[in-house]
Amino acid sequence: MIDRLRRKFIRICMLSFAAVFLILFIAIYLVTEVQTSARLDTLADLVSENDGIFPDFEQFGLDEGQILPPEGVNQESPFTTRFFTVRFDGEGELASVDIRAIASVSGEEAQEYASAVLEKGAERGWVENFRYKVYNTPEGTAVVFINGTDTRELNQRFLLTASSVFVAGSVVVLLLVILISKHAVKPAMESYQKQRQFVTDANHELKTPLTLIRTNLDIMESENGPNEWLSDIREETGIMTELVNRLVMLSRMDEDQSTLEMTRFSLSEAVSETAAAFDGTARERDMTLSLDVPQGVCCTGDEAAIRQLLSILLDNAVKYCDKGGTIRVGLSGGRHPVLTVDNSYAAVDSVELGRLFDRFYRADKARTYGSGFGIGLSIAKAIVEKHRGEITVSSLDGRAIRFRVKL
């Protein structure tokens, strides 16, 4: 249990670290994309407002009547900005292609880019690595394309570097988490060890007086004969003994070192034989027990533990099934066999299904003492987990309870 808790702590820490990085990575990516688009849009505005030509930097200044250059534009911008312009006349026919400021695009390619942009119908956007702007001129429509290849490659290298740093950081964080996980789970480990020690001590301390009580009962009954009071004492002693045994069993199931005898056995036979043992009890309570168990379904596991699991589920179904109700046991084969146990229960909506596997929890608070301890389903869950399986509980249309076990 402690090892599982430690692994869970490490997993949560690493998932949290990965989630934070992923959020930061997405945020950085979006910010860089927005900033890149905004910067290239600024350049596209300058070119479009200057009739498809990058303006001379001397147009900007601090003298009266002059404007300041936009943010990100400097004296080198006319020489570092690669762009081309495609113009169309009022009829939508190609008027001119200006590729003087770029050498990597031919006239035909420029025309194809412009035609694709006009089909999109958007004023701004991306075509491959070119940021474009569509604007109107006295002669018709024009499209200016700003080359964003260098900027995008720079952004990609930055994101790649950030990813490399994350991978390296993840290794360091993993090592640190592994080191501190021992200290993080230490309080839980100490508490768990005390709990186990308490259960072990209670088992030894309780078994001796219970054995003495049963022995004295046998002596008193042999001398005085059986009577009502001695029968009540024997019954309560039996209940107490069963509770102690179940607590010890649950404690052992919680131990990571506890092992199961894994063998290949017929699950179909185990289900059928276990269900047959509850058929008489179900009939006495006016219940119908039906089986849908195909032959030949096998699984690998501890057969005794699986039979105990079936007994717990069927015992729970009998106890909480409505009078005159139906209990159905189903089994399906495959690589991972699935077992279902359903029982009709009109008050299913009042049951806290999420707590049924909690220790000492009873769905029906009105049940009398001796009808159960509330730890049977906890043992069932522990058995399933030992087999690396899954057990769930659900409501069937508000009229029945279903336990589903996937082995």
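A contact, as the word is used on this tour, means heavy atoms within 4.5 Å. With the whole protein in view, residues 24 or more positions apart account for 65% of the contacts that have a separation of 6 or more. What you have open is a predicted model, in which local features need pLDDT of at least 70 and side-chain atom pairs count only at pLDDT 80 or more, while totals for chains, interfaces and linings use all residues. Residues are numbered from 1 along each chain as its sequence is written, and side-chain values use heavy atoms, with hydrogens and water left out.

Switch to a cartoon view, where the protein shows 9 helices and 12 strands; these are DSSP runs numbered from the N terminus, helices being H or I over at least four residues and strands being E over at least two. Of the 407 residues, 36% are buried, where buried means under 20% relative accessible area, exposed means over 50%, and partly exposed lies in between, with a 1.4 Å probe and protein chains only. A surface view displays about 24,200 Å² of exposed area, 55% of which is supplied by carbon and sulfur atoms.

Next, select Asp 41, which sits in helix α1 (residues 2-49). Which residues does Asp 41 pair with in salt bridges? One partner is Arg 124, with N to O at 3.6 Å, a salt bridge being a side-chain nitrogen of Lys or Arg within 4 Å of a carboxyl oxygen of Asp or Glu. This pair links distant parts of the chain, since Arg 124 belongs to strand β3 (residues 124-127) and lies 83 residues apart from Asp 41. The other is Arg 131, whose closest N and O atoms with Asp 41 are 2.8 Å apart; Arg 131 lies in strand β4 (residues 130-137), 90 residues apart from Asp 41 in the chain. Asp 41 is buried at 12% relative accessible area and Arg 131 is buried at 11%, whereas Arg 124 is partly exposed at 29%.

Widen the selection to Asp 41, Asp 45, Arg 124, Arg 131 and Lys 133, and you have a network linked by salt bridges. The structure holds 14 salt bridges. Side chains of opposite charge can pair when their charged atoms come close. For another example, select Arg 399 and Asp 397, whose side chains meet at 3.8 Å, N to O; here Arg 399 is exposed at 57% relative accessibility, and Asp 397 is exposed at 64%.

Move on to the loop between α9 (376-386) and β11 (390-396), where you will find Arg 388. His 387 is found in the loop between α9 and β11 too. Is His 387 buried or exposed? His 387 is buried, with a relative accessible area of 12%, whereas Arg 388 counts as exposed at 79%. Leaving aside residues up to four places away in sequence, His 387 touches Leu 260, Met 262, Thr 300, Gly 301, Asp 302, Ala 305 and Ile 306.

From Arg 388, extend the selection to Arg 7, Lys 8 and Arg 11, which together with Arg 388 form a positive surface patch. Charged patches are made of residues with over 30% relative accessible area and no salt bridge, like charges being joined within 9 Å.

As a last stop, select Glu 128 in the loop between β3 and β4, where Glu 128 is exposed at 56% relative accessibility. Glu 128 gathers with Glu 108, Glu 109 and Glu 112 in a surface patch of negative charge.

Note on methods: Areas by Shrake-Rupley, 256 points an atom, 1.4 Å probe, with all protein chains shown as cover. Patch = residues over 30% accessible without salt bridge, like charges linked within 9 Å, V, L, I, M, F, W, Y side chains within 5 Å. Lys, Arg positive; Asp, Glu negative; His and termini not counted. Charge placed at Lys NZ, Arg CZ, Asp CG, Glu CD.
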